[in-house]
Amino acid sequence: MTITLRPGSIVMFTGDSITDCRRLESEEGLGSGYPLRIAGEWGLRHSDRAVTWLNSGMAGDKVMDLEARWQADVLDARPDVVSILVGGNDVGWHSYDPDGYVIPVEDFAAGYDRLLAPLAEAGTELILIEPFLLPIRGLVEVGDVRLGEAVNIDLRILGSWPNVTRTDRLCSRGPMNP
């Protein structure tokens, strides 16, 4: 699926710290990570098609945290495209936080489905970036916690959603399509 951005389109990036990337400390509110890079690349290549770029990522967020702020931070902006990267904290954070708990994959999937449903109903185009943990070989120590091999969440557990572009498909296409 190709996403077409027209002049005046609104693109919302949301998720956890990988998306946040200190957005509240940046002049344009996009942070210093991939949302800024994508918006900048678009501006260089398509200066004739102004797009509004928003970032509501929040460090430490899990799917349930996004749910709590979904209406105000995402839906009320009425975006044409939403890019979501969340899940690393759902699968890995309990390993670092002694008070953390394991989030069952079924709860993760149900929460993610609740995020996607109103966007799909509105015809919003979706970009789902699979959550990841960096490949771990051997043993990694974080404070007093020792971690073995990391396990990535597979977004194929989610239902089949219309208007979805998964990043594995984006990566195989090469540069952003106008």
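**Reasoning from values to words**

Biologist: Why is T4 called partly exposed?

Modeller: In this predicted model, T4 has a relative accessible area of 33%; buried would need a value under 20% and exposed a value over 50%, so T4 falls in between and is called partly exposed. T4 belongs to the segment before β1.

Biologist: Where does T4 stand in relation to V81, in sequence and in space?

Modeller: Along the sequence T4 and V81 are 77 residues apart, and in space their C-alpha atoms are 9.4 Å apart.

Biologist: What is the overall plan of the protein, read along the sequence?

Modeller: The order of elements is β-α-α-β-α-β-α-α-β-β-β-β-α, which is made up of six helices and seven strands. Of its 178 residues, 41% count as buried, and the protein exposes about 9,900 Å², of which carbon and sulfur atoms supply 53%.

Biologist: How do you know that residues far apart in the sequence meet in this protein?

Modeller: Among the contacts with a separation of 6 or more, 75% are accounted for by residues 24 or more positions apart. One residue to look at is I10 in strand β1, which covers residues 10-15. I10 touches T52, L54, A77, R78, P79, D80 and V81, leaving aside residues up to four places away in sequence. The C-alpha atoms of I10 and V82, which are 72 residues apart along the chain, are separated by 8.6 Å.

Biologist: What makes S83 buried?

Modeller: The relative accessible area of S83 is 3%, and the word buried applies under 20%, so S83 is called buried. S83 lies in strand β3, residues 81-85, and, not counting residues up to four places away in sequence, touches M12, F13, T14, Y34, I127 and I129.

Biologist: How do you know whether L126 is buried or exposed?

Modeller: The relative accessibility of L126 is 0%, which is under the 20% limit, and therefore L126 counts as buried. L126 is found in strand β4, residues 125-128, and its C-alpha atom is separated by 5.7 Å from that of V81, although the two residues are 45 apart along the chain.

Biologist: Turning to the loop between α1 and α2, why is R22 called exposed, while C21 is called partly exposed?

Modeller: R22 has a relative accessible area of 57%, and exposed means over 50%, so R22 takes that name. C21, with 25%, lies between the limits of 20% and 50%, so C21 is partly exposed. Both residues have their place in the loop between α1 and α2.

Biologist: What makes the phi angles of C21 and R22 worth pointing out?

Modeller: Most residues other than glycine have a negative phi. C21, however, has a positive phi near 45° and is not a glycine, and R22, also not a glycine, has a positive phi of about 60°.

Biologist: What about E28, which has its place in the loop between α1 and α2; why is E28 called partly exposed?

Modeller: The relative accessible area of E28 is 44%, and this value lies between 20% and 50%, so E28 is called partly exposed. E28 and W53 are 25 residues apart in sequence and 9.1 Å apart in space, taken C-alpha to C-alpha.

Biologist: How do you know how helices α3 and α5 are oriented to each other?

Modeller: The axes of α3, residues 63-73, and α5, residues 105-122, come within 9 Å and cross at roughly 30°. Angles under 35 degrees count as roughly parallel, so α3 is roughly parallel to α5. The crossing of the two helices is left-handed.

Biologist: Which residues of α3 and α5 meet?

Modeller: On the α3 side they are V63, L66, E67 and W70, and on the α5 side F108, G111, Y112, R114, L115, P118 and L119. Sorted by class, this contact has eight nonpolar, one polar and two charged residues.

Biologist: Why is G111, one of the residues in that contact, put in the polar class?

Modeller: Gly is counted among the polar residues in this scheme, so G111 is the one polar residue of the contact. Glu and Arg count as charged, so E67 and R114 are the two charged residues.

Notes. Residues numbered from 1 in each chain as written. Predicted model: local features only at pLDDT ≥ 70, side-chain atom pairs only at ≥ 80, totals over all residues. Heavy atoms only, no water. Helix = DSSP H or I, 4+ residues; strand = E, 2+ residues; numbered from the N terminus. Buried < 20%, exposed > 50% of the residue type's maximum accessible area, 1.4 Å probe, protein only. Contact = heavy atoms within 4.5 Å. Areas by Shrake-Rupley, 256 points an atom, 1.4 Å probe, with all protein chains shown as cover. Axes fitted to C-alpha atoms, helices over the stretch in contact; angles between N-to-C directions. Parallel < 35°, antiparallel > 145°, perpendicular 65-115°, else oblique. Left-handed = near helix turned anticlockwise from the far one by under 90°.
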